[in-house]
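Hi,

Here is the structure I said I would pass on. Have a look first, and then read on for what turned up in it.

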Amino acid sequence: WAAQQEKSKTDVARPDPHPMIIAYGNVTPERFVLDVFRKVRSSEAEEALLLLPFTYVIQFLKLLDFWLQSGWEIELACRSVFFLMRIHHNQIISTQSMRAVVDSLKSNTHRRLQELRDSIGVNLAGLNFMHRELEARSIHLFADVEEKRESGRKRRRAAVRSMR
């Protein structure tokens with residue numbers, strides 16, 4: 001559509017979206033593909049990516065780059081990028097037009113994974129802080145349950161000893 005508009009330098013009417021996209025809630029095509037791809041099980045997704053022709057792999061890598069730039073499903077996008085890069089490494093490296101895409105994927109993947117690591121680190125530090133605070137206040141969440149369990153064990157041991 002964009003190429004047609006550039007060639008004619010006039011206002012070309014935007015094509016109607018696919019009926020499935022409209023039925024899905026009139027989302028963008030990129031978001032539609034993400035939502036559909038998210039529903040596919042991991043093993044089946046890897047199988048489908050293995051069967052994908054290389055021309056579609058190029059387009060899908062560009063789409064994965066867009067997902068990473070947008071911050072959509074980072075784990076899924078990174079897993080798919082790594083899988084496709086491992087499978088099609090030689091073809092991707094030998095294709096000159098893929099150089100910009102690979103560089104963009106590299107920077108976006110690194111940036112988004114670093115953001116996830118930072119977020120996990122902050123969450124882990126917060127959980128550790130809360131754990132230390134609870135221990136310092138001598139609040140044991142499962143103390144009653146543990147006491148009952150221990151007393152039950154003692155009773156059972158005593159019953160077994162008395163039977164001998």
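Which residues in helix 5 and helix 6 meet each other? On the helix 5 side they are V57, F60, L61, L64, W67 and L68, and on the helix 6 side I74, A77, C78, S80, V81, L84 and M85. Sorted by class, this contact has 12 nonpolar residues, one polar and no charged ones.

Before going further, a caution: this is a predicted model.

Now for the overall picture. The protein has nine helices and zero strands, so if you trace the sequence you get α-α-α-α-α-α-α-α-α. Buried residues account for 22% of its 164 residues. Taking contacts between residues at least 6 apart in sequence, 61% of them link residues at least 24 apart.

Back to that helix pair. Helix 5 covers residues 54-70 and helix 6 covers residues 74-87; their axes come within 10 Å and cross at roughly 150°. Because angles over 145 degrees count as roughly antiparallel, helix 5 is roughly antiparallel to helix 6. The crossing of the two is left-handed.

In the loop between these two helices you'll find E73. Its phi is near 45°, which is a positive value in a residue other than glycine. For background, most residues other than glycine have a negative phi. With 30% relative accessibility, E73 counts as partly exposed.

S80 is worth a click too. It sits in helix 6 and is among the residues there that meet helix 5. Is S80 buried or exposed? S80 has 4% relative accessibility, so it counts as buried. A polar atom of the S80 side chain lies 2.9 Å from the backbone oxygen of L76. If you set aside neighbours within four places in sequence, S80 is in contact with F37, L49, F60 and L64.

One of those contacts, F37, takes us to helix 3. Helix 3 spans residues 29-38, and its buried residues are F32, L34, D35 and F37. What covers them? The cover includes helix 2 (19-23), helix 4 (42-51), helix 5 and helix 6.

If you only have a minute, start with helix 5 and helix 6 and the residues where they meet, then step to S80 and follow its contact with F37.

Cheers

Key:
Residues numbered from 1 in each chain as written. Predicted model: local features only at pLDDT ≥ 70, side-chain atom pairs only at ≥ 80, totals over all residues. Heavy atoms only, no water. Axes fitted to C-alpha atoms, helices over the stretch in contact; angles between N-to-C directions. Helix = DSSP H or I, 4+ residues; strand = E, 2+ residues; numbered from the N terminus. Parallel < 35°, antiparallel > 145°, perpendicular 65-115°, else oblique. Left-handed = near helix turned anticlockwise from the far one by under 90°. Contact = heavy atoms within 4.5 Å. Nonpolar A, V, L, I, M, F, W, Y, C, P; charged D, E, K, R; others polar. Buried < 20%, exposed > 50% of the residue type's maximum accessible area, 1.4 Å probe, protein only. Polar contact = N/O pair within 3.5 Å; in protein donor to acceptor, adjacent residues only side chain to side chain.
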